[in-house]
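Trainee: Could you take me through one part of this structure up close, and then show me what surrounds that kind of detail elsewhere?

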Amino acid sequence: MGVVFDASFGDSLDDLLALSLLYLLDSKNECRVAAMTTTKPNLGSAGLYEVYQKLYGGRPMAIGMCTSGQGKETGSLLAAAVEGQTISVKSEIDTAEPHGLIRNVLQAYHDGNAAILSTGPGGNLKDLLGLPTALPVVKSKVKVLYAADAPANWPTPVVKVTAEMGAGLNYQPKAEDFAWAEKHPVALALAKEPNAKLNRAAMVAVLKVVRGAEFQVTDAVLQELVAAKPAPRQRMRFFGD
Amino acid sequence: MMTRKALSRRTMLRGAGAAIALPAMDAMAPALRASQLPGPKPVRMAFVYVPNGIDMRNWTPAADGPLTAELPRILKPLEPFKKDITILSNLTHNGGRALLDGAGDHGRCCGGYLSGVQPRKTFVDIKAGISMDQIVANQIGSKTRFASLELGLEDARQAGDCDSGYSCAYTNNLAWRSETQPLPPILDPRVLFERLFGTGAELSPEARAQRAKYRRSILDFVMGDTRKLEADLGPTDRRKLDEYLSSIRSIEQQLERAEKDNSIINPGMDKPYGVPADFAEHFKLMTNMITVAFQADLSRVVTFLVTHEGTSRPYREIGIADGHHPLTHHMNKPELIEKVTQINTYHAQQFAGWVEKLKAAKEGDSNVLENSMIVYGAGLSDGNRHTHEDLPTLIAGNGGGYIKSGRRITARRETPMSNLFLTMMDRMGVQVDHFGDATGRLAGLDLA
């Protein structure tokens with residue numbers, strides 16, 4: 001299962017934790033992070049995705065970034081998460097158009113073997129459906145969309161991501177849980193914003209997307225997985241790598 | 001007041017078996033629409049495709065924006081024309097990637113290069129997409145004698161499996177008239193010459209040889225018309241006509257030399273009758289004829305498959321006996337990379353020769369290059385790893401004052417190559433809402 005992760009990335013601790021969890025599951029070969037896109041027109045937001053990709057040993061990939069709309073400002077959480085990180089995303093040309101990128105990556109998946117998790121505004125998804133060649137791709141490839149703000153005309157099953165999804169959960173991440181990495185964005189963010197708001201819905205959505213809607217998410221599961229160090233990757237090497 | 005009847009843009013010099021179109025001349029001005037002489041000229045478009053990727057380390061300039069620094073090694077032959085070219089970075093063909101179809105990057109990257117689709121993996125019931133040159137040719141082709149011209153330098157089969165299950169039709173053709181009909185390139189300069197300046201009758205190789213035995217210049221056959229025309233022309237037009245006919249004569253002489261050499265040199269393989277044994281000579285002949293075709297407005301759309309995708313052609317003329325394709329899988333061995341770079345540079349050198357010709361072909365107060373968009377590039381970037389992003393692409397010419405050249409423009413990552421094609425179609429006067437996998441027009445190419 002390939003998962004496209006779309007968020008106003010860097011605005012909430014929930015998204016940082018959700019992506020940590022998603023990448024952990026990727027490292028355990030339970031899923032693949034197919035693409036990461038941000039609705040936030042902010043290079044720091046795109047750069048933070050790059051930090052994750054490198055930190056978790058993910059495949060190098062273009063990062064989708066919306067270049068217009070709201071959310072340009074760098075909040076204190078994002079600023080903390082990217083502080084001191086090595087980031088090669090320096091300008092818009094280091095990023096990709098989110099809608100074209102999502103369409104392209106979906107084409108590489110078998111029918112019904114991809115999902116999209118979108119925790120932010122639905123702008124990138126609306127743009128995706130606006131691409132003339134995207135609709136049949138979305139229809140055939142995307143098994144389910146978990147979204148906080150799904151377009152009304154989305155052609156495959158949609159599960160609304162709401163704060164209620166995390167109701168009853170009390171998982172509380174600690175900076176030291178992420179000490180396996182020298183500069184884990186969550187640890188940096190927590191150090192700066194120890195009382196950052198948390199509703200856990202995005203983490204629940206990640207587990208539902210990857211393990212199925214029936215999967216029961218508990219605090220113990222989150223405690224075990226969210227901050228875990230990724231498994232070492234066995235990757236194929238090519239001549240020239 | 002004396003008035004002289006304007007010369008028709010369609011005037012031809014005719015003779016037995018010959019019909020030579022004329023370049024734009026002052027005497028035609030009154031007969032031409034306001035959109036033509038002496039104002040804007042017709043915009044021409046060509047695609048020059050080189051196979052097996054390019055060594056990007058020696059292709060990509062260090063910085064974006066104006067090309068002020070010395071060009072990288074492969075592009076060095078284009079140094080004198082730095083102000084006339086635009087280097088584009090980050091253009092991508094997603095359809096060239098495996099997606100779910102496994103191996104076959106060479107088949108996919110060429111088969112879908114001008115259509116922006118992923119070709120069907122098959123060598124039986126081929127299917128790609130109508131290529132953008134043919135969309136343009138369909139719409140504006142009626143304005144010229146040939147809606148489009150498809151050329152190449154390397155003989156290649158059209159059927160069978162050429163790359164991991166992909167038909168040779170994909171690796172060996174650039175232009176596609178429909179999803180299922182590729183347009184094989186003309187390889188033989190004599191065939192192209194006869195097509196451009198003959199009356200359309202196909203000659204067998206034997207008949208051609210017979211004719212060659214008694215050959216006179218094609219100009220001899222149209223001498224009567226030429227003299228009549230000259231009498232009606234002013235001194236500027238007379239000089240222009242003389243230069244133009246001289247260039248045709250020069251092509252004829254090149255052809256004759258090539259055919260003579262061919263009878264002496266045994267290339268060790270079957271070659272069409274008029275194909276020169278020498279690569280550079282062949283390239284020059286074909287591009288000289290395209291220049292004349294552009295000058296005379298015989299066609300505005302050309303595709304030129306230099307050699308076919310996956311070719312293992314050696315380049316002994318520059319001391320490289322290894323095949324091109326095997327070399328590109330160089331395993332990072334510096335001595336093999338060096339040879340790839342030399343081949344890439346050799347190709348660019350030939351291309352630079354053509355750019356020089358186009359620039360020298362005057363057209364009113366501008367030249368043919370200024371009024372053209374000649375795309376030079378490949379369907380793979382790194383030929384070793386078969387990558388389909390950041391495809392090596394440059395445009396020579398200004399598209400009739402549209403492209404602000406002398407720059408490197410870097411698009412956002414993953415920008416579809418189809419965005420460039422959509423923009424070029426606009427410039428050719430062909431409006432389509434959507435093409436291939438385009439996400440929009442290519443930003444930053446125009447003068448704005």
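**A close look at one helix**

Mentor: Sure, let's start with helix 1 of chain A: 14 of its 15 residues are buried, so the rest of the structure largely encloses this helix. Keep in mind that we're looking at a predicted model. Helix 1 of chain A covers residues 13–27, and at 1.5 Å a residue it should span 21 Å. The C-alpha atoms at its ends are 21 Å apart, so the expected span and the model agree. Here's a handy bit of background: an α-helix has 3.6 residues a turn, so residues three or four places apart point the same way. Just after helix 1 of chain A comes A:Asn29, with a positive phi of about 60 degrees.

Now hop over to chain B. Chain B has 448 residues, of which 51% count as buried, and its secondary structure comes to twelve helices and 16 strands. Take the contacts in chain B with a separation of 6 or more: 68% of them join residues 24 or more positions apart.

The largest nonpolar core has 115 residues, and B:Val48, B:Tyr49 and B:Met289 touch the most other members. Helix 9 of chain B (residues 279–295) gives this core its largest share, nine residues. Leaving out residues up to four places away in sequence, B:Met289 touches B:Pro189, B:Leu192, B:Phe193, B:Leu196 and B:Ile251. There's also a second, separate core of 79 residues, and A:Tyr23, A:Val33, A:Ala34 and A:Val210 are among them.

Technical notes:
Residues are numbered from 1 along each chain as its sequence is written. Chains are lettered from A and ligands numbered from 1 in the order in which they are written. This is a predicted model: local features need pLDDT of at least 70, side-chain atom pairs count only at pLDDT 80 or more; totals for chains, interfaces and linings use all residues. A nonpolar core is a set of buried Ala, Val, Leu, Ile, Met, Phe, Trp, Tyr and Cys residues joined through C-beta atoms within 7 Å. A residue is buried if 20 or more other C-beta atoms lie within 10 Å of its own, exposed if 12 or fewer, and partly exposed in between; C-beta atoms are placed from the backbone. Helices (H or I, at least four residues) and strands (E, at least two) are DSSP runs, numbered from the N terminus. Two residues are in contact if their C-beta atoms, placed from the backbone, lie within 7 Å. The expected span of a helix is 1.5 Å times one less than its number of residues.
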